[in-house]
Amino acid sequence: MSDPEWTGSLSYAGDIMASNRNNNVNSSSSFNIPGLVSSFGTAPNNMATAATSTRTLPQHGMETVVGSANGSPLKKNSKNTGAIATTEKDQPMHETIEDLETTRTRRCWTHITWMLTWYLPTPFLKWCGRMRRPDVRMAWREKVAICVIIFFIWCVLLFIIIGLGLILCPKEYVWTMDDVALHDSPDDAYVALRGRVYDISDYINQKHGTSSYPASRDLMLMYIGQDVNATFPLSIRSACSSLVSQQTDPKNSMYLTPADPTALQVFPFTHKIGTLPSSKELSSQSFYTKYVLPTMNHFKKGDIVWDYDWVNSMHRDQGKYWRIINKEVFNLEDYFATIDYPGNTDSKWRFLSNHVENIFDDKGAGGTDITDKWGQIPWNANERTANYNCMKNLFYVGKVDDRHGVRCLFTNYMLLAFACVLMALVLVKFLAALQFGTKNRPTTSSKFVICQVPCYTEDEASLLKTIDSLAGLSYEDNHKLMFIVCDGNIVGSGNDRSTPRIVLDILGVDPEYDPPGRDYLAIAEGS
């Protein structure tokens, strides 16, 4: 580049450059930088001379040059498309728009922008939005598209934080027996009955029993917070009508033998059919299904849940007949206590299928969850349904509590992982910012540097701070050029002058001097 192909004059009113310390600086002075000669050369003889003024920046002793000239529009030289030169001084000012090839990335972004802003018609933006130029309308659409994308990202994050958890693990109204035990006050009275939870806070205040055997409120309070299966025994025939016929139990008097005899001693009364002749309800063979369930369903709150480890412990460690089928928990303790009772030698007491007895009484060889074995039993659909319904009515005690499983805790784990990643990034940045040794002061550079300062609506304090900091850089003053660009004659919020005027005042330019605006060539994509 020793043979420069371009010449130009530093004619912009806001040009700030290091110069010789004298007051008579001509705009035709050459500014020769190795490697930049093609951009800054000697002004041609027919160019006008700039009126200049100088000011010494505080604390740095660096002079700034502010000049003006017959600013001519810039054009490209046909010999070199990468540089810019001035035209003849007599050529009038005009705006040149250059058509550039649209890249693939730009085309994709344009399509995305239109897809996100199709509902905003062009006539609306043109007349109501006062956007006459197509480039202005496109720029506005791009801003709206960015806002829409940000909104979608927010929605995705909210879905991950809130919605995904509800989909993977829907809210369930379930209680453990420990939860039921906490509801033991007259105003908050819960009971558990055959695997379900009921709130009887209002029910206990109503009249119960008969005139001969009234059930007082205090008597009802003895039941709250507990499992009341023992006080509502269900006859085998009414629970397993498909397995126990009327001929087998004509009086509906077959009841299971409790595995825990002390359970009957907890409650003062047992609701067994025929125990209260004066009661119409207790005299009915369908007492439980006709009166108990319809009444209690009005107060139903949800299901009882059991922790899998606890059920497994009952099976493995204590040898109990607790098993899980399709996440439903069954307790056949009373069934095996009944068939093992010395007085129950009749085969009618073994009303369940032998297959069911075998998978429950596995002598510890099987698992607690017998879902697979249940599905492998070689029986017909009617027999399967009959045995399942019987077990559901007599031996169902609740469901498996999966609220602490991976499916329900997935979103918590995911958020925890995100938090760990963020903390790791913060930690890495913190460690990278630490200095474990002495910091060597860099040597003074002999290179030339151009400091470009774009400004728009900044206040005087910000601009002065920026200019002072650049003027104090560790470069020789005669190797340093400050190029300040005021993008429009804008008065920022809180300012009493336009941004160009503030810059000129900081540089010490005569307040009466009004420099002309200059053209520039925008090379950014989408211009």
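This passage walks through the overall make-up of the protein, three helix pairs and one hairpin.

The structure is a predicted model, so local features need pLDDT of at least 70 and side-chain atom pairs count only at pLDDT 80 or more, while totals for chains, interfaces and linings use all residues. Residues are numbered from 1 along each chain as its sequence is written, and side-chain values use heavy atoms, with hydrogens and water left out.

Starting with the big picture, the protein has 15 helices and 15 strands. Helices here are DSSP runs of H or I with at least four residues, strands are runs of E with at least two, and both are numbered from the N terminus. Of the 527 residues, 35% count as buried. Buried means under 20% relative accessible area, exposed means over 50%, and partly exposed is what lies in between (1.4 Å probe, protein chains only). As for contacts (heavy atoms within 4.5 Å), take those in the protein with a separation of 6 or more: 66% of them come from residues 24 or more positions apart.

Helix 3 (residues 134-168) is a good place to look next, together with helix 13 (residues 406-433): their axes come within 7 Å and cross at roughly 160 degrees. Axes are lines fitted to C-alpha atoms, for helices over the stretch in contact, and angles run from 0 to 180 degrees between N-to-C directions. Helix 3 and helix 13 are therefore roughly antiparallel to each other. The naming goes by angle: under 35 degrees is roughly parallel, over 145 roughly antiparallel, 65 to 115 roughly perpendicular, and the rest oblique. Helix 3 passes helix 13 in a right-handed crossing. A crossing is right-handed if the near helix is turned clockwise from the far one by less than a right angle, and left-handed if anticlockwise. On the helix 3 side, Ile160, Ile161, Leu164, Gly165 and Leu168 do the touching, and they meet Arg407, Phe410, Thr411, Met414 and Leu415 in helix 13. Sorted by class, the residues of this contact come to 7 nonpolar, 2 polar and 1 charged. Here Ala, Val, Leu, Ile, Met, Phe, Trp, Tyr, Cys and Pro are nonpolar, Asp, Glu, Lys and Arg are charged, and the others, Gly among them, are polar.

Helix 3 also has helix 1 (residues 104-117) as a partner, with axes that come within 9 Å and cross at roughly 75 degrees. That makes helix 1 roughly perpendicular to helix 3. Residues from helix 1 in this contact include Trp109, Thr113 and Trp114, and those from helix 3 include Glu142, Ala145 and Ile149. The tally for the contact is 10 nonpolar, 3 polar and 3 charged residues.

Two charged residues of helix 3 deserve a closer look. Glu142 lies in helix 3 and is buried, with a relative accessible area of 17%. Leaving aside residues up to four places away in sequence, Glu142 touches Arg106, Trp109 and Thr113. Arg137 is in helix 3 as well, and at 12% relative accessibility Arg137 counts as buried. With the same neighbours in sequence left out, Arg137 touches Thr122, Leu125, Lys126, Met131 and Arg132. Arg137 and Lys126 are 11 residues apart in sequence and 7.7 Å apart in space, C-alpha to C-alpha.

Further along the chain, helix 14 (residues 460-471) and helix 15 (residues 499-506) have axes that come within 10 Å and cross at roughly 50 degrees. That makes helix 14 oblique to helix 15, and the crossing is right-handed. Glu460, Leu463, Leu464 and Ile467 in helix 14 meet Thr499, Ile502, Val503 and Ile506 in helix 15. By class, this contact has 6 nonpolar, 1 polar and 1 charged residues.

Last comes the hairpin. Strand 11 (residues 322-325) is covered on both faces: Trp322 and Ile324 on one side and Arg323 and Ile325 on the other are all buried. In a regular strand the side chains alternate between the two faces of the sheet. Strand 11 pairs with strand 12 (residues 328-331) in the antiparallel sense over 4 bridges, where pairing takes at least two DSSP bridges between the strands. Ile324 stands opposite Val329 in strand 12. The two strands form a hairpin with 2 residues between them. In that loop, Asn326 has a positive phi of about 55 degrees although it is not a glycine, and at 52% relative accessibility Asn326 counts as exposed. Lys327 is found in the loop between strand 11 and strand 12 too, with a positive phi near 65 degrees. Lys327 is exposed, with a relative accessible area of 52%.
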